[in-house]
Structure formats: structure tokens, C-alpha cells
Amino acid sequence: MTYQTTQSPHLNITNYLVNTVLPSVTTVRLANIYDNENTDLAGFPAATVTIGEDIAKVLDNTRNEIGIKIYIRVFIDRFRFSAQKAETILRNVATEIRTKLDSDITLGGNCIYTRPYNAKYGYVNREQNNIRIVEIELECYEAYTWR
């Protein structure tokens, strides 16, 4: 898929992740899904989708390729669910998201392809909560005509 520079692959991809992929997670219902790093998650498990980086290179004499790094973060409150339950939720959600992304490498036709993603697992203190987190780094590639 090639797009004109007036279109926004960032918006198309994040909308697809927020409105289609993440709501379809069935292993555990995500209480809240945001297209930004919201300061108040208002319920757990919660997910955020944010843009991290653009990586561009020349493709040919009329097109450039752009790689868009997108971060999907899933937050699970360890006080609400217990440490063991939070870990189970984290593993189930990470596995299901990986399966969904691996089976849809064009993200509903919103990019040419996505690379298999990296995921980091960790702990954060946020909103006075002890949170278990998975951060998924997704790279989406697109080409656009610049002249």
C-alpha cells in the first residue's frame, strides 16, 4: 500500500489497534483502552497505544519508506488481582496480542507489513498502584509518494 503524504498512517494504525485489535482480546477483558498515555487509567487491566519513533529511508526516486514504532502497553494492578493473578493475566494477554498481530501483518491493510515485535515485561508504580506491565514494540512499515 502506498499513500500520499496528506494521509496519516500513524492515525490509521493506532485507530486499528485501539478500535479493532485490542477490543478483540478475549483471554481477559481490557477495562480501558487509550490511544494515548493517559494519566488516569481508571480501571485495570488497561492498555495504551502510543507512537514512539519514525524511521525513514529512500525507497526509489518517487517514494520513501517509513517505519513507525508503536508501543502497546498493558497495565495490570497487582494489588487488585494479586501478584500471581496479575502474572497469569499478563502472560495470557501478551500471548493473545502476539497471536493477533502475527496473523494480521498488514494491520487490516493499514500498512505494508509489520515486523515480529519485541516485548518487555516489568513493574511500575503508577497512580499509587503496584503495576505489572508488558510493553510491546511494534514496527509497521509503509511507503509514501513524495513527488
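These questions and answers cover one helix, two cysteines and a cavity in a predicted model. Local features need pLDDT of at least 70, side-chain atom pairs count only at pLDDT 80 or more, and totals for chains, interfaces and linings use all residues. Residues are numbered from 1 along each chain as its sequence is written, and side-chain values use heavy atoms, with hydrogens and water left out.

Colleague: How far does helix α3 reach from its first C-alpha to its last?

Modeller: Helices are DSSP runs of H or I with at least four residues, and strands are runs of E with at least two, numbered from the N terminus. Helix α3 covers residues 83-102, 20 residues in total. The expected span is 1.5 Å times one less than the number of residues. The reach of α3 is close to that expected value, at 28 Å.

Colleague: Why is Cys 111 in no disulfide?

Modeller: A disulfide is a pair of cysteine sulfur atoms within 2.5 Å, and a search of the whole structure finds zero. Cys 111 is buried (under 20% relative accessible area; exposed is over 50%, partly exposed in between; 1.4 Å probe, protein chains only), at 3%. Cys 140 is also buried, with 0%. The closest cysteine sulfur to that of Cys 140 is in Cys 111, and it is too far for a bond because the separation is 4.7 Å.

Colleague: Which residues line the largest cavity?

Modeller: Strand β6 gives the most to this lining, with three residues. Counting Tyr and Ala among nonpolar, Glu and Lys among charged, and Asn among polar, the lining divides into two nonpolar, one polar and three charged. The residues are Tyr 71, Asn 118, Ala 119, Lys 120, Glu 135 and Glu 137.

Conventions:
On a 1 Å grid over the protein atoms alone, a cavity is a set of points where a 1.4 Å probe fits but cannot get out, and a pocket is an open set with protein on both sides within 12 Å along at least five of seven lines; lining residues have an atom within 4 Å of a point.
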